[in-house]
Amino acid sequence: SFVMGTTPETSITGPREIVFDARKATATMRTSVDRPMTPLMADTTLLRSVGSPDSGFATFFWSVGGDASTVVRLTPTVGSLHGDQLLSRNVVGVNPDSVKRNYRVLTANAIVGRIPNGVIVRRNDRTNMTTFQNRFVGVKDYSSAMFARTIYTGNFGSGVGLPPGGSTLTEYVSAGAGISSEAELNQYFSFDPVFTLKGLFNSSTSAPRPGTVTSDVWGQAPLHQRFTPVTPQTLLKICPACLGADGSYRGFNVQAPPLSDRQHGGGIDFVDPDNFGSVTIKADNTVLYDGPGQLTGGSELPSRANPKVISMSASATRSGYPFPRTTKMTTAVSTKVSAGFPAPKDWLCNGTTCTVLPYLGLDYTATGLDSLNALPSGKRAISLDISQVGRATAQGITSVKAWVSYDGRTWTAAPVAGSGAARTINLTIPKAAPGKNTIGLKVSVTDAAGSTLTEQIDGAFGIAG
């Protein structure tokens, strides 16, 4: 068991000597839920912040994590409470009968202010929980996958990664004021024979209302480049693409991971010591970076540089077990600096003054996909949602063109319908045959401000049958 406490139970009795009277730790915090649960992890956190009349400030942070047998005893508040105090307990549990039904329970309960004496019970039910219905697609086997959700109380969070247990997983998660969560999937996670991470996806931070149900599909094709959205719940609101300035300093930062699906950011695959992605960033003709990695980071502009155009290209490949086909994404974007506009005040960038660069982005929706991201033959429509960084709706779209390949070598123009930011690619998919069992897509977009995007996805889909 562990004990947490603050003054007056703690006293200084001599040089370099502190005595804590653990007998006064008589409070415990317990969690109850409205469904069967076997607890796997419990994390108890105590945060104290104390100020002084001369504007001094001190923060104390204690955290104890363990399994269901871990007992944390706390000292109740005695007398006046000076400063602020937050006590939280996060618990992750699973259904004892996971064969019958696969679900997890993640609770986050907190006390703000005084800690009462005795046993503190926090109840979790439909009135203070939300439901996530997760479905996983795109791989043959989930035994080596890993799925984790981190649940936050304020700025502090905890979670644990576990195999999802199959192609579906229901989560019952605490919801309400000050509580948010985010999740991450690795479709293949292994240390044998070397450390390997493949099929990374992560969600945005969200805070659904209690009683709501969110359906989430992970790994749905086509996998593409996606600028990371900034939501109201995002803890660190990093600009997806910004020029930053601070005096004479100028920098550039970007958050546009490859191999993303429509709802989640992606990432390059890693098989120690190699990763399977590369990027190039240019300010006019000056190369800021050219090498391995993905478009998540920042670069300093050369001294006195005043670029007119900043262009980026990225490529990433996903192949091998447990994926049904090789997918390669190659994306190139450019935008004029003159098209930029001031970032929201709470966005962060590589500088103190942030200018959003409105790069073009694409999201795709294909109906009729099976669990391995294959489409049946016949007439099919692929919806395109065009976006611009920093804008709720893309504006001034001037051209959208598309091409399709069924053999990985020959590209044919595909008709594009629609207008503005909403377009549709119309395909007539042939029956699967030797050498013709995958679908490749290529899309080119321009806008009135001079921004461009070209994205090619080899092995975007399979052909069912």
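## Starting with one serine

Is Ser299 buried or exposed? In this predicted model, Ser299 has a relative accessible area of 13%. The cut-off for buried is under 20%, so Ser299 counts as buried.

Where does that serine sit? Ser299 belongs to strand β24, which covers residues 295-300. Setting aside neighbours within four places in sequence, you'll find Ser299 in contact with Tyr249, Gly251, Phe252, Ile281, Leu288, Tyr289 and Asn350.

## The nonpolar cores

Here's a handy rule to keep in mind: in soluble globular proteins, nonpolar side chains tend to be buried together. In this model, the largest nonpolar core has 73 residues, and Tyr359 and Phe461 are the ones that touch the most other members. Strand β37 (residues 452-463) gives this core its largest share, which is five residues.

Let's look at Phe461 in more detail. Again leaving out neighbours within four places in sequence, its contacts include Ala221, Pro222, Ala366, Leu369, Leu375, Ile382, Ile439 and Leu441. Arg325, Asn373 and Thr438 are also in contact with Phe461. There's a second, separate core too, made of 10 residues, among them Ala27, Met29, Ile115 and Ile120.

## A four-stranded sheet

Now follow an open sheet whose four strands come in the order β29-β31-β35-β34, paired antiparallel. The edges belong to β29 (360-366) and β34 (416-419). Each of these has a single partner strand, so one of its sides has no neighbour in the sheet. On average, neighbouring strands here are turned by 25° against each other, ignoring direction.

Want to trace one pairing by eye? Try β31 (residues 378-388) and β35 (residues 422-429), which run antiparallel and are joined by eight bridges. To pick out one bridge, start at Arg380 and look for its partner in β35, Leu427.

## Spaces inside and out

The structure has four cavities of 30 Å³ or more. The largest cavity has a volume of about 150 Å³, and 15 residues line it. Nearest its centre are Gly138, Leu223, Arg325, Thr327 and Asn373. You've already met two of these names: Arg325 and Asn373 are among the contacts of Phe461.

Then there's the largest pocket, with about 590 Å³ of space. Its lining has 27 residues, and Glu182, Asn202, Ser203, Thr228 and Thr234 lie nearest the centre. Strands β12 (146-153) and β15 (179-190) each supply at least two lining residues. The largest share of the lining comes from β12, with four residues.

Notes. Residues are numbered from 1 along each chain as its sequence is written. This is a predicted model: local features need pLDDT of at least 70, side-chain atom pairs count only at pLDDT 80 or more; totals for chains, interfaces and linings use all residues. Side-chain values use heavy atoms; hydrogens and water are left out. A nonpolar core is a set of buried Ala, Val, Leu, Ile, Met, Phe, Trp, Tyr and Cys residues joined through side-chain atoms within 4.5 Å. Buried means under 20% relative accessible area, exposed over 50%, partly exposed in between (1.4 Å probe, protein chains only). Contact means heavy atoms within 4.5 Å. Two strands pair if DSSP finds at least two bridges between them. Axes are lines fitted to C-alpha atoms, for helices over the stretch in contact, and angles run from 0 to 180 degrees between N-to-C directions. On a 1 Å grid over the protein atoms alone, a cavity is a set of points where a 1.4 Å probe fits but cannot get out, and a pocket is an open set with protein on both sides within 12 Å along at least five of seven lines; lining residues have an atom within 4 Å of a point. Grid points are joined across faces, edges and corners, and a volume is the space filled by probe spheres set on the points.
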